[in-house]
Amino acid sequence: MSQISSSSTSQSPSARKLCRCGGYIKTWTSWTDLNPGRRFEACEMSRRSRGNGHHWEWLDATTCARGKELIPGLLRRMRAMEEDLKLIEEQKKEVEDKLKMVEREKKELEYKVGELGKQKRVLEENRMGQRPRENRIWGVSFLQWVLGFW
């Protein structure tokens, strides 16, 4: 049996109730197996030291037998789904981070491809500019050989 409860204060500070000890009285919701979803009022100090004259009072009627049977199981299922959702959100964040890294690498590679393309064009232009000279030198060498000037 769990001892879970949650607090809510919808009253303005001036309209808040005070316990005999001077502590504020808050509205809480019990999420125990015996009293699931049942609201109660309690002094803030009563949570630290049970009894001792601190204010504590149920606001709702006792939860029916069927509610006591169903609500704890539903709460367990809800908590399990919340945990699953938390894991899925963590996995989603990891995937998003990996995607960002891959996109950065893609941009870097695209830049490098662009730079290599520029270098290729420069080399091709240089080679095209050198071919006639190479041909001329080869042609002269061939003529020298044919004519015996070698």
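## Close-up views of a predicted protein chain

The protein chain exposes about 12,500 Å², and carbon and sulfur atoms supply 57% of this area. The coordinates are those of a predicted model.

**Figure 1. Overview of the protein chain, with its 1 helix and 4 strands.** Along the sequence the elements follow the pattern β-β-β-β-α. Strand 1 covers residues 5-8, strand 2 residues 25-30, and strands 3 and 4 residues 38-43 and 56-58. Helix 1 spans residues 65-147. Of the 150 residues in the protein chain, 15% are buried. Contacts between residues at least 6 apart in sequence include a 37% share that joins residues at least 24 apart. The structure holds 9 salt bridges; three of them appear in the views below.

**Figure 2. The salt bridge between E41 and K17.** The side chains meet with an N to O distance of 2.9 Å. This pair links distant parts of the chain, 24 residues apart: E41 belongs to strand 3, and K17 to the loop between strand 1 and strand 2. The two partners fall into separate accessibility classes. E41 counts as buried because its relative accessibility is 8%, under the 20% limit for that class. K17 has a relative accessibility of 38% and therefore counts as partly exposed. Side chains of opposite charge can pair when their charged atoms come close.

**Figure 3. The salt bridge between E44 and K26.** The closest N and O atoms of E44 and K26 are 3.5 Å apart. Here too the pair links distant parts of the chain, with the two positions 18 residues apart in sequence numbering: E44 sits in the loop between strand 3 and strand 4, while K26 is a residue of strand 2. E44 has a relative accessible area of 25%, so this residue is partly exposed.

**Figure 4. W56 and its surroundings in strand 4.** Leaving aside neighbours within four places in sequence, W56 is in contact with F40, E41, A42 and S46. One of these residues, E41, is the salt-bridge partner of K17. W56 and E41 are 15 residues apart along the chain, and their C-alpha atoms are separated by 5.5 Å. The relative accessible area of W56 is 38%, which means that this residue is partly exposed. E41, at 8% relative accessibility, is buried.

**Figure 5. M45 in the loop between strand 3 and strand 4.** Not counting residues up to four places away in sequence, M45 touches C21 and H54. Between the C-alpha atoms of M45 and Y24 the distance is 8.2 Å, for a separation of 21 residues in sequence. M45 is partly exposed because its relative accessible area is 32%. E44, described in Figure 3, is placed in this loop between strand 3 and strand 4 as well.

**Figure 6. N35 in the loop between strand 2 and strand 3.** When neighbours within four places in sequence are set aside, the contacts of N35 are S30, W58 and T63. S30 is the end residue of strand 2, given as 25-30, and W58 ends strand 4, given as 56-58. The C-alpha atoms of N35 and A61 are separated by 9.7 Å, and the two residues are 26 apart along the chain. With a relative accessible area of 15%, N35 is buried; the class applies because the value is under 20%.

**Figure 7. The salt bridge between K93 and D97 in helix 1.** The side chains of K93 and D97 meet at 3.4 Å, N to O. Both residues lie in helix 1, 4 residues apart, about one turn of the helix. K93 counts as partly exposed at 48% relative accessibility. D97 is partly exposed as well, with a relative accessible area of 35%.

**Figure 8. A negative surface patch that includes E89.** The patch is formed by E82, E83, D84, E89, E90 and E94. E89 is found in helix 1, residues 65-147. The relative accessible area of E89 is 48%, so this residue is partly exposed. Patch residues need over 30% relative accessible area and no salt bridge, and the 48% of E89 meets the first condition.

Terms used. Residues are numbered from 1 along each chain as its sequence is written. This is a predicted model: local features need pLDDT of at least 70, side-chain atom pairs count only at pLDDT 80 or more; totals for chains, interfaces and linings use all residues. Side-chain values use heavy atoms; hydrogens and water are left out. Patches are made of residues with over 30% relative accessible area and no salt bridge: like charges are joined within 9 Å, nonpolar side chains (Val, Leu, Ile, Met, Phe, Trp, Tyr) within 5 Å. Accessible areas come from the Shrake-Rupley method with a 1.4 Å probe; for residues, only the protein chains shown count as cover. A salt bridge is a side-chain nitrogen of Lys or Arg within 4 Å of a carboxyl oxygen of Asp or Glu. Lys and Arg count as positive and Asp and Glu as negative; His and the chain ends are not counted. The place of a charge is taken as NZ of Lys, CZ of Arg, CG of Asp or CD of Glu. Buried means under 20% relative accessible area, exposed over 50%, partly exposed in between (1.4 Å probe, protein chains only). Contact means heavy atoms within 4.5 Å.
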